[in-house]
Amino acid sequence: MDFFLEVLTGGLLAGLMYSLVAIGFVLIYKASGVFNFAQGSMVLFAALTFVSLLERGVPFWVSFAITLLAMIVLAWAIERIVLRPLVNRPPITLFMATLGLSYIIEGLAQALWGAQVHGLDLGISDEPLEVGGMLLSQFDLFAAATAGALVLVLSLLFNKTRIGISLRAVADDQLAALAVGIKLQRIWMVVWAVAGFVGLVAGLLWGARLGVQFSLSLVVLKALPVLIIGGFTSIGGAIAGGLIIGASEKLAEVYLGPMIGGGIENWFPYVLALLFLLVRPAGIFGERAIERV
Amino acid sequence: MAAIPLLELQDISLSFKGVKAINDISFTVGQGEICALIGPNGAGKSSLLNVINGVYQPDQGVIGFNGKSYRKMQSHQAAVHGIARTFQNIALFKGMSVLDNVLTGRNLKVKSSWIEQAFNIGRAPSDESTQRQKAEEIIDFLRINQWRNSIVGTLPYGLQKRVELARALAAEPRLLLLDEPMAGMNSEEKAEMSSFILDTQREFGTTVVLIEHDIGVVMDLSDHVVVLDYGKKVGDGTPDEVRKNPDVIAAYLGTKH
Amino acid sequence: MIYRESGQFVTTYGADRRIFKLWQQRWALYTLLGFAFAVVPFIGNDYWFSAILIPFLVLSLAGLGLNLLTGYAGQISLGSAAFMAVGAFAAYNFQLRIEGMPLLLSFVLGGFTAAMVGVVFGLPSLRIKGFYLLVSTLAAQFFVTWVLTQFGWFSNYNSSGVITAPPLVIAGYDFSSPAGRYLLTLGVVTVLAFLTRNIVRSELGRHWMAVRDMDTAAAVIGIPILKTKLLAFAISSFLLGIAGALWAFTYLGTVEPHGFDLSRSFQILFIIIIGGMGSILGNFLGAAFIVLLPILLSNLSANFLAGVVDPGQLENLQKIIFGALIIFFLIKEPSGLARLWQLLRERARIWPQRF
Amino acid sequence: MLSIIKKPSALIGAIALGLGFLGGVAQAANEQYFPLQSYRVGPYAAGGTGFFGGFIDYLQYVNLKEGGVNGVKFTWSECETEYVVEKGVECYERLKKGLNGAPAAATNPLSVGIAYATLDRSAADKLPLITINHGRTDSTDGSVFPYVFPLQLNPYSEVSAIINYIGDKSGGLDKLKGKKIVTLFHGSPYGKETNPILELLAKKYGFQLTLIEVPHPGNEQQSQWLNIRRIKPDWVILRGWGVMNPVALKTAQKTGFPADHIIGNIWSNSEEDAAPAGAAAKGFISITTHPSGTNFPVLQDIDKTVIKAGKGNLQDLKRLGTVYYNLGVVNGILNVEAVRVAQARFGKRPLTGEEVRWGFENIKLDDAKLRQLGAYGLVQPLKLSCSDHEGGGAVRFQQWDGKQWKVISDWVQADRKLLRPIIEESSHKYAKEKGITPRDCSKES
């Protein structure tokens, strides 16, 4: 039983790490209807920029600020060069454009900073904590707290600020938002920049876990099933989806794995998401649109 | 008015998330007649068409078609029974040519299997020619020959409406459902479309149920008018009868549309 | 005027259905095929066969497979490589375990196996649509490679988990030389391309496009949605499966499941985006592009930029170029290279006039 | 949008230029050529730059120091593969013909996928394929794979040596009985390859073995390490790859498993595997076929003659003496020795691949020879033959001190007699599938 709880907690904490990446997706999907596959590359780009600056002797917060600036510039460029010319195209086209985008960002990141593997130390010790016979990772707890803080900041941003309110209007109805004079392009840029910020935070935490290297961009594959289960449009859903995926994949690996041969963590979340979809075709928190003909 | 009913709706109700869109509606449409559904926006006209050909499934009620009763209709099943339709917002296959769109309308008449088609053997070659011939007849009938090979998405609105009618007619339907076939047209185009509908009824004996807002057109065109308001039926009869029905006047005509 | 169209009228519906209505175009195609079959095997060298022509042909076939599903039937998939893997491993096992199994038959059986797997992962497509369907195809991608790695039976318990091409002998003729492997690949791809062309121009092809453009309307006019989608999955996976078998047998010789990973699926998706969705020719143009561009860049740099530009940076540049081209095509020419080719041809028809 | 095809002639010209340089002009150059399928970008760039840097530096060193082998200088050219199989194949086909008349000696892709894809071609083209420390285990049997050389160490020998080391640490192989060993392996054919051998050894020595898989790429290992924590093993063998290694070390720390009881295999033994884990890696042990550092005459000489002269290949000089760099140097030594051996038999001239193959099969490096090469302790004593394309099968153990690797053992030998029948069983199965008749090694000279 203890072991079960330990696996469960470990899974829930790991799940929050997936949620961090998924939140970036949700923001962009909500505001511009783009399923942004390049989110993983943005995480890589942010982490690589940050760690390269750090290694060149730039202080922590200055590096953070410069990286954030870079993400904003990136967001601006994406809006200008990619999104604007593709307005009103089918979602599938936009999705494929983000595939192209992920290639560009990955190439750019490596062209700028090289392909070496970097270690990243955020100064959080990772000696395990014993709590009631259960092992807890300090780092994971820190990451969970960060995720929580991030959600709080984002919800404040969306509920209290002008830009947040216009953003929700855009998410609700693009045409109506346009009609009341909201500048769609500006909203998009802001959202991509915020998603860049989320990518930076995710990049730092993941980078500290894995080392900063190319495979950071693969975390996107862990975030996809989270999105499917949580729904594309709900930040709360991204958190819940992350928890569900994290916990169930760990439990499955430990208890189901030995029966069918282990190493099932790659496809298990997808199969789980698929089963969810067959029951609820728009995720737990998504709403199914009624087709009007 | 023709005597034998082709379509018979009994006590149909439909709701979305608890909101009633159609409330206990019954009426019949006779063989070969043109029946118009009228009523203000949100009266449930399109929903009713969607129920008839199985896009929506009603919460209760029975659909009688051609002497048989159905609790629910699936859209594929409706097509097999000979129900074809057009849509309010044009549901053409925008990436395909006019000819291909019309040919898809004949999909239920195709006899050869896809394997025969892949190897161009067996029934495939003659089948394809037959379908093509029929499709060309419809194209001639609706006078859209010159756009035969154009991609539908590039055509103007009025033409698209005509192509959609062509696709529906290609199925050789017994019942044709038209959802605002003349919406957004000028009076000349409306006249043209009206004459196509009348010709269809005369030449092929097709029964037509249509939704239209232009009362003038409705009164000229239809044998039978059903008036809906807030999901309920408020009138049912010949154009003249409906015109005189006080409920209808109150609910609909009275608002001077 | 390069094309002279005068005097060529179609008189039957059959003739009107031809892809190439002008005899010049048909003649050009036959010449091209004749050249590819009868001349290239004698003038090509190992490098051209093994490094350019064979991968080009196999990737064209894979693009063709995905294009049926995505370009024609509108179902987006990121699992193409998984179906290739199924085809490759199935063909290998049919060849290995059934004595005297003819090589071509094992390709076809490999294709059928891939088709069956494709149908299983296509089943959810009835209930889920759009991006949500990505989940099903990604599940296929990860699950298939897992199964092939997990169970040694599939690789005949090879200690390194790889499969190796059997001797390439058909009816007593040995096709294992580079030119032979090229001819074998070319033959298979040509036949399948013709069959596919027939399918997309037939009733089934129209059903696919109807489902792609608007599936509600397709259902209303009586097109059976599930059957249409599943056939798209099946035939698409069939072609991908054969492409996978060719990839393993005629191109690489030895493959591991990892060779059919997600990046291969992306590669095939890029082929159809760049080449042109909903076009047969587009797959060939897209595959040629994706095979040639890296070679071109790397040759140019090796010969002109050696020592000037770091080869590593050149690869990064190439990645950026690929990404940029994809976005460029999506913005400027969603119908890809195939459309550009068509425009070029139309220009040639009216040349020297401009309009 | 037509603008990109406005100048078709320019495009065709560019294509012709790009593809035109495939043949190469034949000149009677007195040079021996190494085609290098290198990778300096992409996910595995760190390994590629180190390995090919070391390899090139050693070839350069022989050129500068001795003027090549018996007056035959080495030449090479690189072709970027990005570790991608098709690119590797394309590079192979492009470079196999030699360069300006200098014939190719051998290919050294350092990539499992590329090695597999060029395996058949190597035999057809009669060009040796060197897969140092990796590759198909059964290619050790040179009678079936005449052109493939998994030099020094094949995957089976790896685990056998690790078990021998653990036995040593426990005070003898008989003390292994009842010990608990967990193997954490990468979810790929590579990762699974040694599982049957581990099971065999577990049966033989009576230790309890648990095999735990980490799915590719391995950036999440919580459940695996919680499992390990429950099992409480004496040792964990890490058979990792890429990002899986640092994550394993970090997660081990998180779950309280000591790093100095984790033993990394041959692809978990570089600086890139340990350093990103930071403090969590301290104490981590791994095998290596060659110590890192520059404390060997040959490396100091390379530093002096090549690097100090500004002719080195490394961009980042800090990488001199790293695991991958030294592997490249070792690989260079073995390739050059093969050429030297073959020249002794076939003449002092540029050799064909077939002749170089004979050279590889007759490599014999004993302590005296290694001292002469300045590589004593860096390269293990090695003797290859027609039937044995591995030769050595020994490893040393090293420990990460937080900054670099420190060698902590002498050569530990694998139990190659035990492994040989299994290898032959596999190679014979391959021969049967492919319709190959194995060479009769007793008739080879």
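**A buried strand in chain B and the contact with chain C**

In this predicted model, strand β3 (residues 34-38) and strand β8 (residues 207-211) of chain B run in the parallel sense and are joined over four bridges. One pair of residues helps to locate this pairing: Ile34(B) has Val208(B) as its bridge partner in β8(B).

β3(B) also pairs with strand β9 (residues 224-229) of chain B, again in the parallel sense and over four bridges. Here the reader may look for Ile38(B), whose bridge partner in β9(B) is Val227(B).

How many of the five residues of β3(B) are buried? The count is five of five, and the strand is thus described as mostly covered. A residue is called buried if 20 or more other C-beta atoms lie within 10 Å of its own. The cover extends to both faces of β3(B). On one side stand Ile34(B), Ala36(B) and Ile38(B), and on the other Cys35(B) and Leu37(B), each of them buried.

Attention may now turn to the place where chain B meets chain C. The contact draws 31 residues from chain B and 25 residues from chain C. On the side of chain C that touches chain B, the elements giving two or more residues are α1 (13-16), α7 (178-200), α8 (203-213) and α9 (215-220) of chain C. Which of these elements gives the most? It is α8(C), with eight residues. Sorted by class, this side of chain C comprises 14 nonpolar, seven polar and four charged residues.

Note on methods: Residues are numbered from 1 along each chain as its sequence is written. Chains are lettered from A and ligands numbered from 1 in the order in which they are written. This is a predicted model: local features need pLDDT of at least 70, side-chain atom pairs count only at pLDDT 80 or more; totals for chains, interfaces and linings use all residues. A residue is buried if 20 or more other C-beta atoms lie within 10 Å of its own, exposed if 12 or fewer, and partly exposed in between; C-beta atoms are placed from the backbone. Two strands pair if DSSP finds at least two bridges between them. Two residues are in contact if their C-beta atoms, placed from the backbone, lie within 7 Å. Ala, Val, Leu, Ile, Met, Phe, Trp, Tyr, Cys and Pro count as nonpolar, Asp, Glu, Lys and Arg as charged, and the others, Gly among them, as polar.
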